[in-house]
Amino acid sequence: MDLATRPYRSVLYIPGSKTRALEKARSLQTDAIIFDLEDAVAPEAKAEARETLKEALQQDGYGKRAKIVRINALTSQWGFEDVRVLRDAGADIFLLPKVNTPTDVDALADLLDPGMPIWVMMETPTCVFNAPEIAAHHRVAGLVTGTNDLTKDLGCRYRPDRLPLMTALQRIVMAARATRGVVAIDGVYNRFRDGDGLKAECEQGRDLGFDGKTLIHPMQIDVTNTAFAPSASEVDLARRQIAAFEDSQASGQGIAVVDGQIVENLHVVAAKRTLAKVDAIAQMAAE
Ligand code: COA
Ligand code: MG
């Protein structure tokens, strides 16, 4: 599936050390998987996790799910070895943590095949300040928000409305949108058994413009896939807006009205994007 146009509603973290979870993910309805060697793997388990993950990726069976490998920072004692072992194992994307500047991205780009896309963890205050330059780096194809690290570094408190993180969240979406084709993924919801809290946070992230959300547990997948997919009424409205605009153009007018709201060309662009997303989701579901 084309990495640029595929859906990224649900992006599930799996610790590279957990064979059971690596196996289970082959049948989960998640759009993408982050195979993690960083924070989810203890220092003493790093070497073995690398090999476990290499085997799982080579065996594959993950279908259309995007396979994203999160390595340790290249400034850590594990990063270079992570790249060496996993460079050719079958990942679609490499995800780099603890990035502060575009130069940090260069360091990984130099080690990978030129065609390998890089995603970046947006999880330090400096990174958020440098978001436009990082998103504009020619190898960067996605930004993943690390809300737990950001909360730690900022010294802010967790609040259900995420007000203390709002500037960072918005800056990440803006940086992605200022560069064509860069994906923006929201952070995790820690209370993974709280479905109502997750739903509210998914809807907030979606309304802010994120493409999807990172997840930590399979029970979060359905709620997230639903929240980040266009609803039936949104699809219906998009179709009617496109049709009404075409009719009004045919009669020589530049503006239509649907459900009491004006429809200009820019609304039609957004409506077509909604329909394209529905198509991409349908392709993802078709095995
Ligand atoms: N991906 C795939 N499968 C997962 C999973 C994940 N992230 N988390 C749990 N599962 C599987 C378990 O293997 C188990 O499978 P089984 O019943 O078929 O054996 C099933 O889902 C139920 O798991 P459960 O017992 O409810 O969870 P747990 O208590 O074992 O683990 C966590 C809870 C939070 C420790 C675990 O979900 C996890 O490690 N999540 C990822 C954390 C992470 O990657 N963090 C880094 C980024 S923030
Ligand atoms: Mg982190």
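These exercises, each with a worked solution, deal with a predicted model.

**Exercise 1. Domains**

Task: State which domains divide the chain and how their centres are placed.

Solution.
- Start with the bounds. Domain 1 runs over 10–227, and domain 2 over 232–285.
- Then take the C-alpha centres of the two domains. They lie 32 Å apart.
- Add a residue pair. Ile34 and Gln241 are 207 residues apart along the chain, and their C-alpha atoms are separated by 37 Å.
- Place Ile34. This residue sits in strand β2, residues 32–36.
- Classify Ile34. Its relative accessibility is 0%, so it counts as buried.

**Exercise 2. The shell around ligand 1**

Task: Find how many residues surround ligand 1, and which are the closest.

Solution.
- Count the shell. It holds 17 residues.
- Name the closest. They are Tyr13, Lys18, Arg20, Ile216 and His217.
- Sort the shell by type. There are 10 nonpolar residues, one polar residue and six charged residues.

**Exercise 3. Polar contacts and cover of ligand 1**

Task: List polar side-chain contacts to oxygen atoms of ligand 1, including those of Lys18, Lys24 and His217. Then say what share of the ligand's area the protein covers.

Solution.
- Take Lys18. An N or O atom of its side chain is 2.9 Å from an oxygen atom of ligand 1.
- Take Lys24. The distance from a polar side-chain atom to an oxygen of ligand 1 is 3.1 Å.
- Take His217. Here the corresponding distance is 2.7 Å.
- Apply the cut-off. A polar contact needs a pair of N or O atoms within 3.5 Å.
- Turn to the area. On its own, ligand 1 has 890 Å² of accessible area, and the protein covers 65% of this.
- Assign the shell to elements. Two or more residues each come from β1 (10–15) and α1 (19–24).
- Find the largest share. β1 gives it, with four residues.

**Exercise 4. The magnesium ion**

Task: Identify which residues coordinate the magnesium ion, ligand 2, and where they lie in the chain.

Solution.
- Name the donors. Glu123 coordinates through OE and Asp149 through OD, at 2.0 to 2.1 Å.
- Locate them. Glu123 is in the loop between β5 (118–122) and α5 (125–129), while Asp149 is in helix α7, residues 147–154.
- Draw the consequence. The two residues are 26 apart in sequence, so the pair ties together separate parts of the chain.
- Check the exposure. Both Glu123 and Asp149 are buried.

**Exercise 5. Positive phi**

Task: Arg162 and Asp259 have positive phi. Give the angles, then decide for each residue: buried or exposed?

Solution.
- Recall the background. Most residues other than glycine have a negative phi.
- Take Arg162. Its phi is about 55°, although the residue is not a glycine.
- Place Arg162. It belongs to the loop between α7 and α8.
- Classify Arg162. The relative accessibility is 3%, so the residue counts as buried.
- Take Asp259. Its phi is about 50°, and this residue is not a glycine either.
- Place Asp259. It belongs to the loop between β9 (256–258) and β10 (261–263).
- Classify Asp259. The relative accessible area is 52%, so this residue is exposed.

**Exercise 6. The setting of Gln220**

Task: Describe where Gln220 lies, what its side chain contacts and how far Leu198 is from it.

Solution.
- Place Gln220. It is in the loop between β8 (212–215) and α10 (221–228).
- Classify Gln220. With 0% relative accessibility, it counts as buried.
- Find the contact. A polar atom of the Gln220 side chain lies 3.1 Å from the backbone oxygen of Tyr189.
- Add Leu198, a residue of helix α9 (195–208). It counts as buried, at 2% relative accessibility.
- Compare separations. Leu198 and Gln220 are 22 residues apart along the chain, and 7.5 Å separate their C-alpha atoms.

**Exercise 7. Two helix residues**

Task: Classify Arg171 and Thr103 by exposure, and give one C-alpha distance for each.

Solution.
- Arg171 lies in helix α8, residues 166–178. It has a relative accessible area of 29%. Buried means under 20% and exposed over 50%, so a value in between means partly exposed.
- Pair Arg171 with Leu208. They are 37 residues apart in sequence and 10 Å apart in space, C-alpha to C-alpha.
- Thr103 lies in helix α4, residues 102–109. Its relative accessible area is 55%, so Thr103 is exposed.
- Pair Thr103 with His137. They are 34 residues apart along the chain, with their C-alpha atoms separated by 9.3 Å.

Note on methods: Residues are numbered from 1 along each chain as its sequence is written. Chains are lettered from A and ligands numbered from 1 in the order in which they are written. This is a predicted model: local features need pLDDT of at least 70, side-chain atom pairs count only at pLDDT 80 or more; totals for chains, interfaces and linings use all residues. Side-chain values use heavy atoms; hydrogens and water are left out. Domain bounds come from an automatic or database domain assignment. A residue is near a molecule or strand if one of its heavy atoms lies within 4 Å of it. A polar contact is a pair of N or O atoms within 3.5 Å; within protein, one must be able to donate a hydrogen and the other to accept it, and residues adjacent in sequence count only if both atoms are side-chain atoms. Accessible areas come from the Shrake-Rupley method with a 1.4 Å probe; for residues, only the protein chains shown count as cover. Ala, Val, Leu, Ile, Met, Phe, Trp, Tyr, Cys and Pro count as nonpolar, Asp, Glu, Lys and Arg as charged, and the others, Gly among them, as polar. Donors are N, O and S atoms within 2.8 Å of the metal (3.2 Å for Na, K and Ca); water is not among the atoms, so sites may look incomplete. Buried means under 20% relative accessible area, exposed over 50%, partly exposed in between (1.4 Å probe, protein chains only).
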